[in-house]
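Dear colleague,

I am handing over a structure that will be new to you, and I would be grateful if you could look through it before reading my notes. What I found follows underneath.

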Amino acid sequence: FPMAASPVVLYVGRIDKVHKGVDILLDALRDVHSRMPAVRASFVGRVLPAMQQRFEAFLQESEGWATHHGPLSQREVFDQMHRSHLLVLPSRDEPAGGVLVEAQICGLPQIATRVGGIPELVEEGITGLLVDPGDAGGLAEAIIRLCSSPELRRQMGQRSREHAYTRFDIDTTMTKYVRSLEALVAGRDPRIAL
């Protein structure tokens, strides 16, 4: 993935403040841009009505360094990931965080919140960084840390790709699935079989 002097921070998902925490991301990005003007922000996703006015105001004030691509196809999302340097998911609640797996497959380090299933996907300091939900300052610091260190981004990106292919490889996944089913049929706890 690119290692340009102008790091691109990518967000993929609904532009929503209730669940996705995009309002916190906007505050963090303002702080990041004031300290690192070269940083760029890229948003992919549908804007929910409750965020429309605030998001449009943000895009107007950040013209030249933040862009919104709207909803994109899966292939186009992967294209955006390959043009970016890190993915941010500032969710207030997140049961699965599938976009994190997609980012890992693309070799992108991730910054995400410690909610729901996210800590099971993002290995702190290995594949990315974790912050507390609602903490714009902590999110800004994490973004600055990765944007200011191409080597750290490269290492986390490489580990992310390795993590994704090891953990989510179809053969590995199917083997785990079969072992779980065999354990259930035999009356054993499927977690022990894994």
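**How the helices pack**

Helix α1 (residues 22-35) and helix α2 (residues 49-61) pack with their axes 11 Å apart, at an angle of about 15°. Since angles under 35 degrees count as roughly parallel, α1 is therefore roughly parallel to α2, and the crossing in which α1 passes α2 is left-handed. On the α1 side the contact is made by Val 22, Asp 23, Leu 26, Asp 27, Leu 29 and Arg 30, and on the α2 side by Met 51, Arg 54, Phe 55, Phe 58 and Glu 61. Sorted by class, the residues of this contact between α1 and α2 are 6 nonpolar and 5 charged, with no polar ones. Please keep in mind throughout that this is a predicted model.

A second pair is formed by helix α3 (residues 74-82) and helix α4 (residues 98-105), whose axes come within 10 Å and cross at roughly 60°, so that α3 and α4 are oblique to each other. Here α3 passes α4 in a right-handed crossing. Gln 74, Val 77, Phe 78 and Met 81 from α3 meet Val 99, Glu 102 and Ala 103 from α4, and by class this contact of α3 with α4 has 5 nonpolar, 1 polar and 1 charged residues.

The third pair is helix α6 (residues 136-147) with helix α7 (residues 150-167), where the axes come within 6 Å and cross at roughly 95°, which makes α6 roughly perpendicular to α7. In this contact Arg 145, Leu 146 and Cys 147 of α6 meet Leu 152, Arg 153 and Met 156 of α7, and the classes are 4 nonpolar, no polar and 2 charged residues.

**The core and a buried serine**

The largest nonpolar core has 53 residues, and those with the most contacts inside it are Leu 29, Phe 43, Met 81, Leu 87, Ile 111, Leu 139 and Ile 143. Leaving aside neighbours within four places in sequence, Met 81 is in contact with Leu 10, Val 12, Leu 87, Val 99, Glu 102, Ala 103, Cys 106 and Leu 108.

Is Ser 91, which lies in the loop between β4 (86-89) and α4, buried or exposed? Because its relative accessible area is 0%, Ser 91 is buried. When residues up to four places away in sequence are not counted, Ser 91 touches His 19, Lys 20, Gly 21, Thr 113, Val 115, Ile 118 and Pro 133.

With best wishes

Conventions
Residues are numbered from 1 along each chain as its sequence is written. This is a predicted model: local features need pLDDT of at least 70, side-chain atom pairs count only at pLDDT 80 or more; totals for chains, interfaces and linings use all residues. Side-chain values use heavy atoms; hydrogens and water are left out. A nonpolar core is a set of buried Ala, Val, Leu, Ile, Met, Phe, Trp, Tyr and Cys residues joined through side-chain atoms within 4.5 Å. Buried means under 20% relative accessible area, exposed over 50%, partly exposed in between (1.4 Å probe, protein chains only). Contact means heavy atoms within 4.5 Å. Axes are lines fitted to C-alpha atoms, for helices over the stretch in contact, and angles run from 0 to 180 degrees between N-to-C directions. Helices (H or I, at least four residues) and strands (E, at least two) are DSSP runs, numbered from the N terminus. Angles under 35 degrees count as roughly parallel, over 145 as roughly antiparallel, 65 to 115 as roughly perpendicular and the rest as oblique. A crossing is left-handed if the near helix is turned anticlockwise from the far one by less than a right angle, and right-handed if clockwise. Ala, Val, Leu, Ile, Met, Phe, Trp, Tyr, Cys and Pro count as nonpolar, Asp, Glu, Lys and Arg as charged, and the others, Gly among them, as polar.
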